[in-house]
Amino acid sequence: MISEKKTGYRKNFSLILTFIALMSVLFCLSLYLAYNFSKKFIENEFVSEKVNVLEQSIKPYNDFFQKKLPEVSYYNGYLDSATASSFVDTVLLEYPFVSKVVFYDSEVKNTPVSDGLNTGKFSFGPKNIYQFGSLIPQDSVLLFSRENTRNFIVGDDFNGLALKLASYIESLDTTKVPDQDELFSNFSNVRSNKITYLNIPRMEELKAYKKMLRNVLDPQPVYQQDMMCFHLDPYKIKIINSRPLLYQFIKIQPLTYDPLDTSQAYLSTEITLPGPFSDYKLYFISSKSFVDKEILSYFLPIALAILVFYGIVVLVAFLIYRNLNINQRMFKLQYDFVNNLTHEFKTPVSVIKIAGNNIKSATVLTDRELKLYGKILDEEADKLNGLMNKLLAFTQIENKAIQLNRDEIYIEDFIESTVESHRLKHPDFDFTYEVSGFSTFVTDPVLLGSLFDNLAENAYKYSPSERKKLHISARLIKGRVVFRFTDHGIGIPSSEINNIFKKFFRIQNQYNQNGSVGLGLAFCKELVNFMKGEITVKSRVNKGTEFKIVLPYND
C-alpha cells in the first residue's frame with residue numbers, strides 16, 4: 001500500500017509538473033509576444049503622435065490666422081500709424097513667430113496712381129508704408145510716402161494681393177452676398193513665411209469697385225483700404241512636445257534638411273508645417289535606448305497582468321495537486337478503515353462461529369468445555385460490543401449528540417483503577433503515576449476513562465517488549481489540570497505528528513499492520529475538544545512519546 005501511495009504521488013506530481021512546465025513555456029511565449037506588441041505599438045506611436053505635436057505647436061498660428069487677422073477689417077480701412085502700431089504690438093507680444101509687420105495705408109480711387117495697380121478707372125496704391133518689428137522698440141519706421149520724394153518701389157507683397165483683389169472684383173456677382181470664407185480667402189495671400197491681409201470692404205464698396213473696373217465715371221470717389229504684410233519666422237514657433245517620453249529631440253528644419261547621422265541607433269520621423277511654413281518641417285529624433293524606456297513602461301503593466309494570470313494558474317494547479325493527494329489519501333484511509341474494521345469484526349465473529357459449531361456438533365460437553373466456550377463467547381462478544389461502542393461514541397461526540405456529565409472524582413483513586421484494569425489485561429505493563437496540587441476533580445468520569453484507556457492501550461501496543469512502561473502525571477497548573485502520559489515506545493516520526501489525530505490515519509510500522517482502524521487518537525482528540533480542553537504530543541523516534549492533555553479545573 002505504501003508503494004501504491006508513493007506511486008500515486010509521483011504520478012500526480014509528474015502530471016502537475018508537466019502542466020506547470022507547459023504553462024511556463026506559454027508564460028515565456030506570452031511575455032515575448034507582449035514585448036514585441038509593445039515595441040510595435042510604441043514604434044507606431046512614434047510615427048503617428050507627431051500629428052498631435054504638430055497640432056499643439058501650430059495652435060497659436062491657427063489662432064493668429066483665424067482670429068487675429070480678421071481684426072484688421074474692424075477698422076474699415078481707417079487705420080493710421082499710431083493705431084496700427086498699437087495693433088501690431090499686441091500681435092508681436094502674443095505671437096512671437098511674427099518677426100515684423102509692414103503696414104500699407106492705401107486707397108482706391110478712379111484716378112491713376114504712380115505706385116500701385118491701375119486698371120481702367122480702378123486704381124489701388126499706398127499713401128504711406130510703415131514697418132513694425134521686434135528690432136524696432138517703439139515707433140514705426142516710415143518706408144514710403146507720396147508727400148515726399150523718397151524713392152520706394154512697391155514690392156510683390158502689395159502687387160500680388162492687389163491683382164488678386166482686381167481679379168476677384170472682376171468675377172464678383174454683385175447680386176449675391178459672398179460668404180465670409182470666400183472673402184477671407186480672396187483678401188489674403190499666403191506665401192512662404194508671409195501672410196498679406198487686406199481689410200474686407202463693405203458690399204457697397206465692392207459694388208463701387210466693380211463700376212470702376214467697368215470704366216463707369218463717378219465724381220472722383222476715394223475709398224480707404226488697409227493692407228498688412230506679416231513676416232513670419234518658423235524658428236520662433238514654440239514646440240509643444242506632448243510626448244516627452246517618446247520624442248527625445250524635436251527641431252524645426254528646412255524641407256531639404258538631411259541628417260548626417262543615419263545610424264540604426266536612432267529613430268526619426270518628420271512632418272511638414274502648414275501654410276506659410278510649408279518650406280519647413282518638424283523633425284523628430286530619439287535614440288533607441290530612449291524609446292526602449294517607453295516600450296518598457298508600456299510593457300511592464302502587460303507583463304504584470306500576465307504574471308498575475310500565470311500565478312493564478314499555478315495556484316489552481318497546486319490546489320488541484322493538493323486535492324488529488326488529499327482525495328487519494330482519504331481514499332486510502334477509507335480503504336484501510338473498511339479493511340481493518342472488517343478484520344476487527346471478522347476475528348471475533350470467526351471465533352464465535354467456531355465455538356458455536358463446536359457446541360452444536362458436540363454430543364456431550366464437560367463442565368470444563370462449557371466454561372471454556374462460555375468464556376470465549378463472552379470475551380468475543382465484549383470485543384464486538386467495545387468496537388461498536390467506540391464507533392457509536394465517536395459519532396455521537398462529533399455530532400454533539402451526548403451531554404457532558406459533571407461528577408467529582410478523587411483523582412488518585414481514578415488513576416489507580418485505570419492502572420489496575422490494565423495490569424490485569426497486561427501483566428508485563430509497568431505503570432507509575434504521580435499527582436500534585438489537587439485531590440478532587442469535577443469532570444465526566446466516563447469520557448476521562450476513555451481517554452486514559454486509549455492512551456494506555458497505545459502506550460502498550462507501540463512499545464517494545466522490554467520497554468512497556470507508562471508514567472502518568474496529574475498536576476494543577478494555573479487553574480487547569482494537566483495530564484501527561486509518557487511512554488518509552490517506538491516514537492512518532494516528525495513528518496507524521498500533524499496527522500496522528502486524523503480519522504482513519506495509521507502509521508505504517510511493524511506494530512500497526514493489523515488490528516487498528518485508525519480511530520483511537522482521533523477519538524481522543526474529539527473527546528478533549530468536547531471537554532473544552534487541549535491535547536498535544538511530543539515524540540522522539542525510538543525514545544518515546546508524551547501526550548499532554550489540559551482540561552479546565554472544576555469549570
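Here are four short exercises, with worked solutions, on the predicted model shown above.

**Exercise 1: the whole chain**

Task: Find how many helices and strands the protein chain has, and what share of its residues is buried.

Solution:
- Start with the elements: the protein chain has 11 helices and 17 strands.
- Next comes burial. Of the 555 residues in the chain, 41% are buried.
- Now look at the surface, where the chain exposes about 31,100 Å², with 56% of that coming from carbon and sulfur atoms.
- Finish with the contacts: take those between residues at least 6 apart in sequence, and 71% of them join residues at least 24 apart.

**Exercise 2: the surroundings of Thr269**

Task: Work out whether Thr269 is buried or exposed, and which residues it touches.

Solution:
- Locate it first: Thr269 sits in strand S9, which covers residues 266-272.
- Check the accessibility. Buried means under 20% relative accessible area, and Thr269 has 10%, so it counts as buried.
- List the partners, skipping neighbours within four places in sequence: Thr269 is in contact with Phe46, Lys50, Leu282, Tyr283 and Phe284.
- Zoom in on Lys50, whose side chain makes a polar contact of 3.0 Å with the side chain of Thr269.

**Exercise 3: two helices that cross**

Task: Decide how helices H4 and H6 are oriented to each other, and say which residues meet.

Solution:
- Pick out the helices: H4 spans residues 156-171 and H6 spans residues 203-213.
- Look at the axes, which come within 9 Å and cross at roughly 90 degrees.
- Compare with the cut-off: angles of 65 to 115 degrees count as roughly perpendicular, and H4 and H6 therefore are roughly perpendicular to each other.
- Name the residues that meet: H4 brings Ala166, Ile169, Glu170 and Ser171, while H6 brings Leu206, Tyr209, Lys210 and Leu213.
- Sort the residues of this H4 and H6 contact, and you get 5 nonpolar, 1 polar and 2 charged.

**Exercise 4: two positive phi values**

Task: For Asn76 and Lys532, give phi, then find where each sits and how exposed each one is.

Solution:
- Recall the background: most residues other than glycine have a negative phi.
- Take Asn76, where phi is near 55 degrees, a positive value in a residue other than glycine. Asn76 lies in the loop between helix H2 (50-68) and helix H3 (81-94). Its relative accessibility is 35%, so Asn76 counts as partly exposed.
- Move on to Lys532, with a positive phi near 60 degrees. Lys532 is in the loop between helix H11 (520-530) and strand S16 (534-540). With 58% relative accessibility, Lys532 counts as exposed.

Key
Residues are numbered from 1 along each chain as its sequence is written. This is a predicted model: local features need pLDDT of at least 70, side-chain atom pairs count only at pLDDT 80 or more; totals for chains, interfaces and linings use all residues. Side-chain values use heavy atoms; hydrogens and water are left out. Helices (H or I, at least four residues) and strands (E, at least two) are DSSP runs, numbered from the N terminus. Buried means under 20% relative accessible area, exposed over 50%, partly exposed in between (1.4 Å probe, protein chains only). A polar contact is a pair of N or O atoms within 3.5 Å; within protein, one must be able to donate a hydrogen and the other to accept it, and residues adjacent in sequence count only if both atoms are side-chain atoms. Contact means heavy atoms within 4.5 Å. Accessible areas come from the Shrake-Rupley method with a 1.4 Å probe; for residues, only the protein chains shown count as cover. Axes are lines fitted to C-alpha atoms, for helices over the stretch in contact, and angles run from 0 to 180 degrees between N-to-C directions. Angles under 35 degrees count as roughly parallel, over 145 as roughly antiparallel, 65 to 115 as roughly perpendicular and the rest as oblique. Ala, Val, Leu, Ile, Met, Phe, Trp, Tyr, Cys and Pro count as nonpolar, Asp, Glu, Lys and Arg as charged, and the others, Gly among them, as polar.
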